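This report describes the packing of nonpolar residues, one buried polar residue and a surface patch. The sequence and the model come first.

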Amino acid sequence: VALEDELEGSFAVKVDTTGEVANGYALGEREAKPNIIEVTGPKSLIQKIDSVRVTVDVEHAREDISAKGELEYYNKDNELLDKTRIDAETEKVDVSIQVLKTKQIGVKVNTIGSLAKGYSVEDLNFEPQEITIAGRDEALAQVDEITINDVDISGLDKDTEYSFKVADYLPKDVVLTDPEQKIMVTLKVGQITSRTLTLNRSQIDFAGGLSKYRYTIGKDSQV
């Protein structure tokens, strides 16, 4: 009988969830204790481990969750491995998950700098104009909108698009329900044009004048 060499390994524990929290709530930070697991087992099996996970049900949750979950081992193809041949320091870990209230807030965008000479801003659009944040009641009460003051138009003479990561503009203790959300800004620029028109006196009518005044027009003028 050939005996396979054993191998030791250390893996971070990832917290997964199933289900959906109650309407108006979102998940915050997740933590497993311990968050690093030491395992020993057949070399061929330990080398297949890509992630170690613990799964917690959060269905309809409205408050923070504390639970104990069983460790599972997965390969790079997200396939469950046979853990009966894995010797771990513990089979279960303690898990804590924040459940935060959510709030819709507005987005405001301001430009800085000046366009190239002879050009003006024709339009400034951005999406989304509202975002959903999550946090504790006291933190949410302090935020009604975020302002992006970094749309730099200095020296521009053509249409330009910008992308801003929303998380960079959030105050402390507030998170996004979509951590990767971005604000996309589209600036439309137009060239300022001018022309001279000559009006004859016969082409000008008066409207809204007061009867106690007399109105006259001088020589033909350019406007």
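Which residues does Ile49 touch, not counting residues up to four places away in sequence? In this predicted model, the residues touched by Ile49 are Phe11, Val39, Tyr73, Tyr74, Leu81 and Ile86.

Ile49 belongs to the largest nonpolar core, which has 26 residues. Within that core, Val13, Val39, Ile49, Leu71, Tyr73 and Val93 touch the most other members. Several elements, listed in the table, each supply at least two residues of this core.

| Element | Residue range |
|---|---|
| Strand E1 | 6-18 |
| Strand E2 | 25-33 |
| Strand E3 | 36-42 |
| Helix H1 | 43-46 |
| Strand E4 | 51-57 |
| Strand E8 | 92-112 |

Strand E8 gives the largest share, four residues. A separate second core has 25 residues, including Ile105, Leu115, Leu176 and Leu187. In soluble globular proteins, nonpolar side chains tend to be buried together.

Strand E4 also holds Ser51. Why does Ser51 count as buried? Its relative accessible area is 14%, and the cut-off for buried is under 20%, so Ser51 falls in that class. Beyond its neighbours within four places in sequence, Ser51 is in contact with Glu72, Tyr73 and Tyr74. Tyr73 and Tyr74 are also among the residues that Ile49 touches. The side chain of Ser51 makes a polar contact of 3.0 Å with the side chain of Arg53.

On the surface, Phe206, Leu210, Tyr213 and Tyr215 make a nonpolar patch of about 450 Å². Of these residues, Phe206 lies in the loop between strand E15 (198-199) and strand E16 (221-222).

Note on methods
Residues numbered from 1 in each chain as written. Predicted model: local features only at pLDDT ≥ 70, side-chain atom pairs only at ≥ 80, totals over all residues. Heavy atoms only, no water. Patch = residues over 30% accessible without salt bridge, like charges linked within 9 Å, V, L, I, M, F, W, Y side chains within 5 Å. Areas by Shrake-Rupley, 256 points an atom, 1.4 Å probe, with all protein chains shown as cover. Salt bridge = Lys/Arg side-chain N within 4 Å of Asp/Glu carboxyl O. Core = buried A, V, L, I, M, F, W, Y, C linked by side-chain atoms within 4.5 Å. Buried < 20%, exposed > 50% of the residue type's maximum accessible area, 1.4 Å probe, protein only. Contact = heavy atoms within 4.5 Å. Polar contact = N/O pair within 3.5 Å; in protein donor to acceptor, adjacent residues only side chain to side chain.
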